[in-house]
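Colleague: I should like to go through this model with you. Could you take my questions one at a time?

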Amino acid sequence: MADLKILTVDDSPTMRRIIINTLKRAGYNKVVEATDGKDALAKLKVEEVNFVITDWNMPEMDGLTFVTVLRSMEEYKSIPILMVTTRSVKDDIVNALKAGVNNYIVKPFTPDTLKQKIEQVLAG
Amino acid sequence: MSGTDDLQTRIQKEILELTSSINDVVQKFKELKNPLAESHEKVPRATEQLDVINEQTEAATHRMLDMVEQITQREEEVIQGLTELKDWTTKKQAGDAGDMVNKLIEKANTTVSDAYTIMNALQFQDITSQQMNHAAFLLEEVEGKLNGIIHVLQGSQSVSDPKESEKKTKPRVFDPHADMSDKKTDQSEIDSLISRSNNT
């Protein structure tokens, strides 16, 4: 847990603060933040990240495109990805899974759900 | 009166009626133009108002987050201090003082937990922000359509070019179904979908 560095991608500063605080309370202290998919790809070039939490609706590059791009890159083919979004239509969830997300949480979420899903993804 | 004269009279009468009808239509269009222009002016004001509400709600949420972060930080320091105090207490003093310290630690932990509950509830701001962006997007669409109608009614003297109006709108990103409580698929269904997807 101590070595895990999480990249949290969300265009909402409020959501980034809530997610980062929730992660820190759960013991995940190393967190990098990005405002959208494009910013996240730039952060990944300079930060060694081993877990990604991403929103879907974002400017510049949305979460689904970001996941698709990540999965097409050799070094991130198997990086754990958790999607946290307001999109709760079944087809969206299916599309996110097809794009390569490992797990999916609909906002608003509880801290327990976030912690549980991270643990599930890490357990494989 | 010959048949030709009769036809000419009837045609003249028809033309007069047609002219009168066209005048009526022109008058109606003139009457219509003012409320349309008025609506066209009000729509951007409504959109701007939504953006202001959005910005103010976000600023207020961040002030609350600042306070909640300070509370949790302070209380965690109190818990740390009390835990150290408990360790310093000699066995002889351990009775009442120890009980008091334990109660204070419990209270501080409850405060931290409550503060995190408040923080978690602030997720509403992201959802209402998306809802307001959706409403502003719809208003901008109405504004564009009104602008198009006014453009047609006024010819080249339109208040603004519809294409110019499109350029002025800011990009809006939102989930049209964003909702605090009405999740189209609940977490247990999502878990089941993920489980099925992992098994195939």
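Colleague: In what order do the elements of chain B run from the N terminus on?

Modeller: The order in chain B is α-α-α-α-α, that is, five helices and zero strands. Helices (H or I, at least four residues) and strands (E, at least two) are DSSP runs, numbered from the N terminus. The model is predicted, so local features need pLDDT of at least 70 and side-chain atom pairs count only at pLDDT 80 or more, while totals for chains, interfaces and linings use all residues. Residues are numbered from 1 along each chain as its sequence is written, and chains are lettered from A and ligands numbered from 1 in the order in which they are written.

Colleague: What percentage of chain B is buried?

Modeller: Buried residues are 14% of the 200 residues in chain B. A residue is buried if 20 or more other C-beta atoms lie within 10 Å of its own, exposed if 12 or fewer, and partly exposed in between, with C-beta atoms placed from the backbone.

Colleague: Now the contact between the chains. How many residues does it take from each?

Modeller: Chain A contributes 27 residues and chain B contributes 30 residues. Two residues are in contact if their C-beta atoms, placed from the backbone, lie within 7 Å.

Colleague: Which elements of chain A supply at least two residues each to that side?

Modeller: They are helix H1 (13-25), helix H4 (90-99), strand E5 (103-106) and helix H5 (111-123) of chain A. H1(A) gives the most, with six residues. By type, the side of chain A that touches chain B has twelve nonpolar, nine polar and six charged residues. Here Ala, Val, Leu, Ile, Met, Phe, Trp, Tyr, Cys and Pro count as nonpolar, Asp, Glu, Lys and Arg as charged, and the others, Gly among them, as polar.

Colleague: On to the sheet. What is its strand order?

Modeller: The order is E2-E1-E3-E4-E5 (chain A), an open sheet of five strands with parallel pairing. Strands pair if DSSP finds at least two bridges between them. Strand E2 (30-34) and E5 of chain A are the edge strands, each pairing on one side only.

Colleague: How many bridges join E1 to E3 in chain A?

Modeller: Four bridges join strand E1 (residues 5-9) to strand E3 (residues 51-54) of chain A, and A:Ile6 stands opposite A:Phe51 in E3(A).

Colleague: And E4(A), how many of its residues are buried?

Modeller: Five of its five residues are buried. A:Ile81, A:Met83 and A:Thr85 lie on one side of E4(A), and A:Leu82 and A:Val84 on the other. In a regular strand the side chains alternate between the two faces of the sheet.

Colleague: Which strands pair with E4(A)?

Modeller: E3(A) pairs with E4(A) over three bridges in the parallel sense, with A:Ile53 and A:Leu82 as bridge partners. E4(A) is also joined to E5(A) by four bridges, again parallel, and there A:Val84 has A:Ile105 as its bridge partner.

Colleague: Lastly, the largest nonpolar core. Which residues touch the most other members?

Modeller: A:Met83 and A:Val101 do, out of 36 residues. Such a core is a set of buried Ala, Val, Leu, Ile, Met, Phe, Trp, Tyr and Cys residues joined through C-beta atoms within 7 Å. Leaving aside neighbours within four places in sequence, A:Met83 is in contact with A:Thr54, A:Trp56, A:Gly63, A:Ala96, A:Val101 and A:Tyr104.
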